[in-house]
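Colleague: Could you walk me through this model before I go back to the bench? I'd like to hear about the pockets, the cavities and the aromatic rings.

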Amino acid sequence: MSVQEAKANIHNDEVRTLPYGLYTDPRVLKEEQEKIFARSWQFVGHVSQVEHPGDYFTCEVAGEPILLVRGKEGTLRAFYNVCPHRATKLEKSAEGNKKVLQCGYHGWTFNLDGSLHRAPNFKGADGLCAERSCLRSVRVEVLASLIFVNLDDHAQPLSASYGNFFAELEGFPFLGELKKINSKTRVIKANWKAFIDNYLECDHCPIAHPGFSAALDLSQYKIIQCENYSVQGTVVKPDKQYGSVELNKAEMQGGRFYWLWPNLMVTIYPGPGNMSIIQMVPIDHETTLGIYTYLFRDDQLTQEERDLIAFAEQVRDEDVELVELEQIGFRSRAFSKGQFSPTEHAVLQFHEMVLGALEQK
């Protein structure tokens with residue numbers, strides 16, 4: 001089915017979801033990498049990872065190797081992690097601190113601002129253009145201490161890309177005190193969109209998430225669509241406790257669950273000041289790397305904070321099982337599309353955005 005046909009059918013009274021072929025066709029992912037991931041702001045890290053001059057970390061965005069580094073004067077920059085000499089991946093480590101960046105192939109070195117420092121094999125040679133020998137820069141912006149990059153030089157600024165999301169975060173005064181504590185990854189045997197679909201509705205919560213449902217009042221659960229993002233939330237039930245966390249006395253007494261186009265989820269759980277960030281990064285058309293980052297005030301976690309992580313990971317494990325079972329069904333000939341319930345407005349928003357992006361030239 002073409003993208004045009006899929007868009008025509010998404011508002012059909014009987015079947016309105018994305019065709020399941022968009023979850024199983026490798027050709028679709030290739031198009032998504034170019035039209036979605038390479039044209040959207042992608043979260044890559046937290047400012048606590050690059051506090052000092054020379055601090056750097058590496059990542060991948062839309063299949064591209066990326067390097068972020070704090071300059072000597074304090075400026076944060078992003079570059080393609082590729083040497084301009086022979087395209088070798090420049091920095092192999094995940095993170096560290098360096099005064100200069102060096103390619104392990106021919107020994108070219110680069111200043112922290114991306115300019116060429118030395119090219120040993122060009123000593124005394126003419127024809128080396130310094131301008132063409134710099135690292136190629138990538139757009140990078142920081143809001144609410146979160147670092148985003150965008151491979152599209154013409155994309156609108158981060159501040160204009162997600163409505164009032166960053167203004168909303170200002171309502172959580174503890175966020176400025178948090179830092180990245182750890183990050184975990186998990187290979188999920190499902191298309192990246194399947195996890196987003198699951199995150200954007202809570203119809204499954206009473207059945208699939210007994211612990212979550214016992215702690216939070218689902219009768220007051222609300223999902224609101226906003227500009228390029230959505231937010232879900234509710235309050236805790238009276239006199240509820242999870243492990244050592246007394247939810248009604250906690251610093252954060254309700255749950256807030258944000259999704260940002262296309263593949264970022266930001267969660268603030270009931271309990272002590274916290275933030276957890278989930279990214280769904282496609283490995284292939286039926287496999288996804290889930291990256292789970294936890295932010296708290298201190299590396300030495302309290303028992304409350306450890307219990308909070310255990311709560312979040314229990315919900316995560318339950319969700320992963322669901323979407324992996326769903327991927328099996330996507331491949332079946334039994335059905336070609338699904339149906340939306342009356343409460344799945346945020347999923348519908350996501351599906352419309354996917355189809356709109358794939359229609360772009």
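Modeller: Gladly, and one term comes first: a pocket here is an open set of grid points with protein on both sides within 12 Å along at least five of seven lines, and its lining residues have an atom within 4 Å of a point. Please keep in mind that this is a predicted model.

Colleague: OK, so which residues lie nearest the centre of the second largest pocket?

Modeller: Those are D197, E201, E326, Q339 and E344, out of the 21 residues that line the second largest pocket. The space in this pocket comes to about 340 Å³.

Colleague: And which elements give two or more residues to that lining?

Modeller: For the second largest pocket they are α4, α5 (205-208), α7 and α8 (345-358), and α7 gives the most, with four residues.

Colleague: How does the lining of the second largest pocket divide by class?

Modeller: There are eleven nonpolar, six polar and four charged residues in the lining of the second largest pocket.

Colleague: What about the largest pocket, how much space lies in there?

Modeller: The largest pocket holds about 670 Å³ of space. Its lining has 28 residues, and T58, C59, E60, Q279 and I291 are the ones nearest its centre. At least two lining residues come from each of β1 (42-46), β2 (55-61), β11 (179-188), β18 and β19, and by class the lining of the largest pocket has 13 nonpolar, twelve polar and three charged residues.

Colleague: Switching to enclosed space, how many cavities of 30 Å³ or more does a search find?

Modeller: Searching the whole structure gives four cavities of that size, and the largest cavity contains about 280 Å³ of space. Of the 24 residues that line the largest cavity, Y199, F257, Y269, V315 and D319 lie nearest its centre.

Colleague: Which element gives the most to the lining of the largest cavity?

Modeller: That is α7, with four residues. The elements that supply two or more residues to the lining of the largest cavity are α4 (192-199), β18 (275-284), β19 (287-296) and α7. As for residue classes, the lining of the largest cavity has 14 nonpolar, seven polar and three charged residues.

Colleague: Now the rings. How many aromatic pairs does the count come to?

Modeller: The count comes to 21 aromatic pairs. One of them is Y20 with F330, where the ring centres are 4.9 Å apart and the planes meet at 50°, so the pair is tilted. Y20 and F330 are 310 residues apart, with Y20 in the loop between α1 (3-9) and α2 (26-35) and F330 in helix α7 (residues 303-330), and the pair therefore links distant parts of the chain.

Colleague: Is Y20 buried or exposed? And why does F330 count as buried?

Modeller: Y20 is buried, because its relative accessible area is 18% and the cut-off for buried is under 20%. F330 counts as buried because its relative accessibility is 6%.

Colleague: You mentioned F257 at the cavity. Which ring does F257 pair with, and at what angle?

Modeller: F257 pairs with F212, with the ring centres 5.8 Å apart and the planes at 50°, so this pair is tilted. F212 is in helix α6 (residues 210-215) and F257 is in strand β16 (residues 254-260), so the pair ties together parts that are 45 residues apart in sequence. Both F212 and F257 are buried.

Colleague: Which rings link into a cluster?

Modeller: Ring pairs join F43, F148, F165, F166, Y229 and Y258 into a cluster.

Colleague: And where do charges sit over rings, for instance at Y23?

Modeller: Over the ring of Y23 sits the charged end of K193, 5.0 Å from the ring centre. R316 likewise lies over the face of Y292, at 4.5 Å from the centre of that ring.

Colleague: Last one: what does the side chain of N81 reach?

Modeller: The side chain of N81 reaches the backbone oxygen of E91, at 2.8 Å. N81 itself is in the loop between β4 (76-80) and β5 (95-97), and N81 counts as buried, with 0% relative accessibility.

Notes. Residues are numbered from 1 along each chain as its sequence is written. This is a predicted model: local features need pLDDT of at least 70, side-chain atom pairs count only at pLDDT 80 or more; totals for chains, interfaces and linings use all residues. Side-chain values use heavy atoms; hydrogens and water are left out. Rings of Phe, Tyr and Trp (its six-membered ring) pair if their centres lie within 6.5 Å; planes under 30 degrees apart count as stacked, over 60 as edge-to-face and the rest as tilted. Buried means under 20% relative accessible area, exposed over 50%, partly exposed in between (1.4 Å probe, protein chains only). A charge sits over a ring if NZ of Lys or CZ of Arg is within 6 Å of the ring centre and within 35 degrees of the ring normal. On a 1 Å grid over the protein atoms alone, a cavity is a set of points where a 1.4 Å probe fits but cannot get out, and a pocket is an open set with protein on both sides within 12 Å along at least five of seven lines; lining residues have an atom within 4 Å of a point. Grid points are joined across faces, edges and corners, and a volume is the space filled by probe spheres set on the points. Ala, Val, Leu, Ile, Met, Phe, Trp, Tyr, Cys and Pro count as nonpolar, Asp, Glu, Lys and Arg as charged, and the others, Gly among them, as polar. A polar contact is a pair of N or O atoms within 3.5 Å; within protein, one must be able to donate a hydrogen and the other to accept it, and residues adjacent in sequence count only if both atoms are side-chain atoms.
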